[in-house]
Amino acid sequence: MSKTAAVSKSTLRLCAAGVFSVCDYLVPKDNRIVLVTHPDGDDQGVSLCLGLAKSKWKGKIYWLVHQDPAPFAAWQQRRGLGNVDICFLDLYSLRGIWAYFRAYYVFYTHGALFNYAPPKRKLVVNLWHGMPIKKIWRGVPGSELPLSTYLISTSPFFSNVLVKASGFSPNQLLVTGLPRNDFLKEPRAAAVDYVARLRGRAQRLILLMPTYRSSATGFMTHDGIETNTVLGLSEGDARKLHAWLERNHCKLLVKPHPMSINAGKPFEDDDQWSMISERALFDMGLGLYELLAQVDLLVTDVSSVYVDFLVTQRPQILYFPDMERYEETRGLLLHPLEDYSPGPIARTFPELQGHLDVWISGDDGWQARRRHLRDLMIPASLQPAAESLLAALALRAP
């Protein structure tokens, strides 16, 4: 896109945001709730819906989606939301826009309907998608901060991080935990059955879940070194990993980030590895975090999933071969990363294989570090995060 086109697009967005802001201010509100998540049907939204149902919320829930809403009625049943009163609408349809204007409560992960400060008569909660390890918002030139009434965090530690990243005041941070993490404790039977089929005869299950380097949707970024492969490995290293998995009776699940250019690329599943796609999860009515709850080892980098996985206290390895370049191009919020890592950091494939060998041997020298990080970053709560969030907002059945 040319510089002139980019400026024109930005100007149009600002004008649209101004018009929508005025409309939102003028339209009367009722007790309906609007949800907007990315991807559509995200675990954050599902957990919140279940929490609302448990609290016997009587208002209507409108889930605004970025695609044809028709398939979501069947998905709702498969996903365990059959007893929740949800109306799925196209985000950019007239009905979707009207629902957004009429709602007093809005919850979103990445923003909705342009970007403007909500009127005082509207309560907007930015669920975000996880606690950030890499720079976001104010730390990324050109990035747009989704404006909201509140942000949520998992701990006072991350509240401080988010205040600096967003410019929000401390009283705009709700320390409630992330609703999606509620699924890490008790996956449904359907998710257990699916993982058992994926596991096959394997004795251990590993999840590879890196963050993106080059984004295909949303804010366009080119961070670190992009490999343009689903595994992020050379062909030779991929063969070595496949052999290691077979030799050690392990199965690798691969989950590309939904914003990555590698999401949706062809991948040949076999007994040693399988790719998990957003489409497949949607079709089966399963949640990603229901799968995450069942893996024995997480391999990631600076994805926020490593903070979430601390709930399980299971081992993790950070595979970060482009760590130096990534710090130069994107930058990190936690310095030095080694002090906040829940497991060893592998900078090369041989190092990764060495750490896998240590893990498969049963030698786990990172238990104390994981406990420390859990207590710092995501301390245990006596109630589910979704319920904590609703309580913090004093959102009860009318």
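The paragraphs below lead through a predicted model, taking its two sheets in turn and then the helices that pack around or between them.

One sheet of this model is open and has seven strands, which follow one another in the order 3-2-1-4-5-6-7 with parallel pairing. Its edges are formed by strand 3 (86–90) and strand 7 (173–175), each of which pairs on one side only. When direction is ignored, neighbouring strands of this sheet are turned against each other by 25 degrees on average.

Strand 1, which spans residues 30–36, is a good place to enter this sheet, and it is mostly covered, since five of its seven residues are buried. Towards strand 4 (residues 103–108), strand 1 is joined by five bridges, and the two strands run parallel; within this pairing, D30 has A103 of strand 4 as its bridge partner. Strand 1 also pairs in the parallel sense with strand 2 (residues 61–65), here over three bridges, and the residue of strand 2 that partners V34 is Y62. Following the chain from strand 1 by way of helix 2 to strand 2, one traces a right-handed β-α-β unit.

Elsewhere in the seven-stranded sheet, strand 5 (residues 123–126) and strand 6 (residues 150–153) are paired in the parallel sense over two bridges, with N126 placed as the bridge partner of L151 in strand 6. Helix 5, made of residues 156–166, packs on the sheet and touches both strand 6 and strand 7, and its direction makes about 140 degrees with that of strand 6.

The helix that links strands 1 and 2 has a helical partner as well. The axes of helix 2 (residues 43–54) and helix 14 (residues 385–392) come within 8 Å and cross at roughly 65 degrees. Because angles from 65 to 115 degrees count as roughly perpendicular, helix 2 and helix 14 are described as roughly perpendicular to each other, and their crossing is right-handed. On the helix 2 side the contact involves S47, L48, G51, L52 and K54, which meet A386, E387, L389 and L390 of helix 14.

The other sheet is also open and has parallel pairing, but it is formed by six strands in the order 10-9-8-11-12-13. Strand 10 (273–275) and strand 13 are its edge strands, each pairing on one side only.

Within this six-stranded sheet, strand 8 (residues 204–208) contains L205, a residue that is buried, with a relative accessible area of 0%. Which residues surround L205, once its neighbours within four places in sequence are left aside? The contacts are with V195, R199, K251, L253, Q294, V295, D296 and L297. In addition, the C-alpha atom of L205 is separated by 5.8 Å from that of C250, although these two residues are 45 residues apart along the chain. Strand 8 pairs with strand 11 in the parallel sense over three bridges, and L208 finds its bridge partner in V299 of strand 11.

From strand 11 (residues 297–300) the pairing continues to strand 12, again in the parallel sense and over three bridges, with L298 standing opposite Q316 of strand 12. In strand 12 (residues 316–319), Q316 and L318 point one way while I317 and Y319 point the other way, and all of these residues are buried. Strand 12 is joined in turn to strand 13 (residues 345–346) by two bridges, the two strands running parallel, and Y319 has A346 of strand 13 as its bridge partner. Between these two strands the chain passes through helix 11 (residues 323–329), making a β-α-β crossover that is right-handed.

A further pair of helices completes this tour. Helix 7 (residues 235–247) and helix 12 (residues 349–360) pack at an angle of about 5 degrees, and their axes lie 11 Å apart. Since angles under 35 degrees count as roughly parallel, helix 7 is roughly parallel to helix 12. The contact is built from D237, K240, L241, W244 and R247 of helix 7 together with F349, Q353, L356, D357, W359 and I360 of helix 12.

Technical notes:
Residues numbered from 1 in each chain as written. Predicted model: local features only at pLDDT ≥ 70, side-chain atom pairs only at ≥ 80, totals over all residues. Heavy atoms only, no water. Helix = DSSP H or I, 4+ residues; strand = E, 2+ residues; numbered from the N terminus. Buried < 20%, exposed > 50% of the residue type's maximum accessible area, 1.4 Å probe, protein only. Contact = heavy atoms within 4.5 Å. Pairing = 2+ DSSP bridges. Right-handed = clockwise from strand over helix to strand, strands pointing away. Axes fitted to C-alpha atoms, helices over the stretch in contact; angles between N-to-C directions. Parallel < 35°, antiparallel > 145°, perpendicular 65-115°, else oblique. Left-handed = near helix turned anticlockwise from the far one by under 90°.
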